[in-house]
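Student: Hi! Could you walk me through this model before I start working with it?
Tutor: Happy to, let's look at it together.
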Amino acid sequence: MALIVLPIAMYFASYLHFFLTGHDWGDFVQLHRDMLAYHRELGTVHDDSSPWWQWPLAARGVWYYAVQQRGEL
């Protein structure tokens, strides 16, 4: 139960500001449709990308870009 209800509740809680600013359920659904369409139509794959099923497993590390400032170790 906690593995289903809690993650769903947390996901909707992260959109609380969206609903509090006057958006409704239809806007929420349209937002997710737009996000899905964007990622489906992106058309490019990053060389270091991983398949979706590896994300929860953290099977592939995340490589962050960092620039060392002059004088820092």
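Tutor: We'll go through the aromatic rings, then the helices, and then a residue further along. Keep in mind that this is a predicted model.

Student: Sure. How many aromatic pairs are there?
Tutor: The count comes to 9 aromatic pairs. Take Phe-18 and Phe-19: their ring centres are 5.7 Å apart with the planes at 80 degrees, so that pair is edge-to-face, the cut-off being over 60 degrees.

Student: And is Phe-18 buried or exposed?
Tutor: Phe-18 is buried, because its relative accessible area is 12% and the limit is under 20%. Phe-19 has a relative accessible area of 26%, so it counts as partly exposed.

Student: What about the rings of Phe-19 and Phe-28, how are they arranged?
Tutor: Their centres lie 5.4 Å apart and their planes are at 35 degrees, so this pair is tilted. That angle falls between the cut-offs, with stacked being under 30 degrees and edge-to-face over 60. As for Phe-28, its relative accessible area of 6% makes it buried.

Student: Which residues do the ring pairs link into a cluster?
Tutor: The cluster consists of Tyr-11, Phe-12, Tyr-15, Phe-18, Phe-19, Trp-25 and Phe-28, linked by ring pairs.

Student: Nice. Switching to helices, where is Ile-4 found?
Tutor: Ile-4 sits in helix α1, which covers residues 2-14. Its relative accessibility is 56%, so Ile-4 counts as exposed, the threshold being over 50%. Its C-alpha atom is separated by 19 Å from that of Trp-52, and the two residues are 48 apart along the chain.

Student: And why does the span of helix α3 agree with what it should be?
Tutor: Helix α3 has 16 residues, 25-40, and at 1.5 Å a residue it should span 22 Å. The expected span uses one less than the number of residues. The end C-alpha atoms are 23 Å apart, so the two values agree.

Student: What caps the N-terminal end of α3?
Tutor: Asp-24 does, with a side-chain oxygen 3.3 Å from the backbone nitrogen of Gly-26.

Student: Last one: is Gln-54 buried or exposed?
Tutor: Gln-54, in the segment after α3, counts as buried because its relative accessibility is 18%.

Student: Which residues is Gln-54 in contact with, leaving aside neighbours within four places in sequence?
Tutor: Those would be Ala-59 and Arg-60.

Technical notes: Residues are numbered from 1 along each chain as its sequence is written. This is a predicted model: local features need pLDDT of at least 70, side-chain atom pairs count only at pLDDT 80 or more; totals for chains, interfaces and linings use all residues. Side-chain values use heavy atoms; hydrogens and water are left out. Rings of Phe, Tyr and Trp (its six-membered ring) pair if their centres lie within 6.5 Å; planes under 30 degrees apart count as stacked, over 60 as edge-to-face and the rest as tilted. Buried means under 20% relative accessible area, exposed over 50%, partly exposed in between (1.4 Å probe, protein chains only). Helices (H or I, at least four residues) and strands (E, at least two) are DSSP runs, numbered from the N terminus. A polar contact is a pair of N or O atoms within 3.5 Å; within protein, one must be able to donate a hydrogen and the other to accept it, and residues adjacent in sequence count only if both atoms are side-chain atoms. Contact means heavy atoms within 4.5 Å.
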